[in-house]
Amino acid sequence: MPDGGKILERLGRLGLVAVVRGRSWEDAVGVSEALLEGGVGAIEVAYTTPEAGRALRELSRRRGEDFLLGAGTVTAPEQAEEAAASGAAFLVSPGFDPELTAAMLRTGCAALPGVLTPGEVMGALNSGVEALKLFPAGAVGPGYLKALLGPFPEARFVPTGGVTDRNAGEWFAVGAFAVGAGGALAPPFLRDRVHREEVVELARRFVEAVERAREERR
């Protein structure tokens, strides 16, 4: 069984999760491979991807322990179980649901339920999770995260939604544990070889921006 604590430690060191919503499972694998080539160390395959479990299994088979593989947009206990069995090390849900969060924790994977309000943060922390996805982060901004960390100073937040290579530094400056980037980093498919090279280069810039932001925070 995975060690959720160690997985979170590794996620914190990486600082960046690429959220991949593939047009198909094959597209999700292709996009993920390009992101990995660009230096991204954590990939989250969203369950909005058709046959997401198949994409997880293929990435796990190809890459092994080279990177952190996770499943996102997990909305049902069965998805959590399938994702864990398919090689996911961390599980992310768009919102907080006690039953779903319990199912995610039972897998042994690191569980990151989505939260937005203080009440949701309290409920999620009381359920036993050690990190939270702040979503949709772009709708509230870094100032909101700073405000949340007032009453919850030990909480580890991963803002997701609206994070770009240009504003990632703002999130780390106010105390983000890591950031999640979807559409600003990971397209739903690769159009051609030139587009793939563009995605690889974008990944490199994003990783550099995150590393620079975290260095400035130290």
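Over how many bridges do strand E1 (residues 16-20) and E9 pair? In this predicted model, where local features need pLDDT of at least 70, side-chain atom pairs count only at pLDDT 80 or more, and totals for chains, interfaces and linings use all residues, E1 and E9 pair in the parallel sense over three bridges; two strands count as paired if DSSP finds at least two bridges between them, and strands are DSSP runs (E, at least two residues) numbered from the N terminus. Residues are numbered from 1 along each chain as its sequence is written, and side-chain values use heavy atoms, with hydrogens and water left out.

Within this pairing, Val-17 stands opposite Gly-180 in E9. Both strands belong to an open sheet of six strands, which has the order E5-E4-E3-E2-E1-E9 with parallel pairing. Strand E5 (110-112) and strand E9 (179-181) stand at the edges with a single partner strand each, so one side of each is left without a neighbour in the sheet.

The largest pocket (an open set of points on a 1 Å grid over the protein atoms alone, where a 1.4 Å probe fits, with protein on both sides within 12 Å along at least five of seven lines) is lined by residues including Pro-2, Ile-7, Arg-10, Phe-67 and Leu-68, lining residues being those that have an atom within 4 Å of a point. The elements that give two or more residues to this lining are helix H1 (4-14) and strand E3 (68-72), a helix being a DSSP run of H or I with at least four residues.
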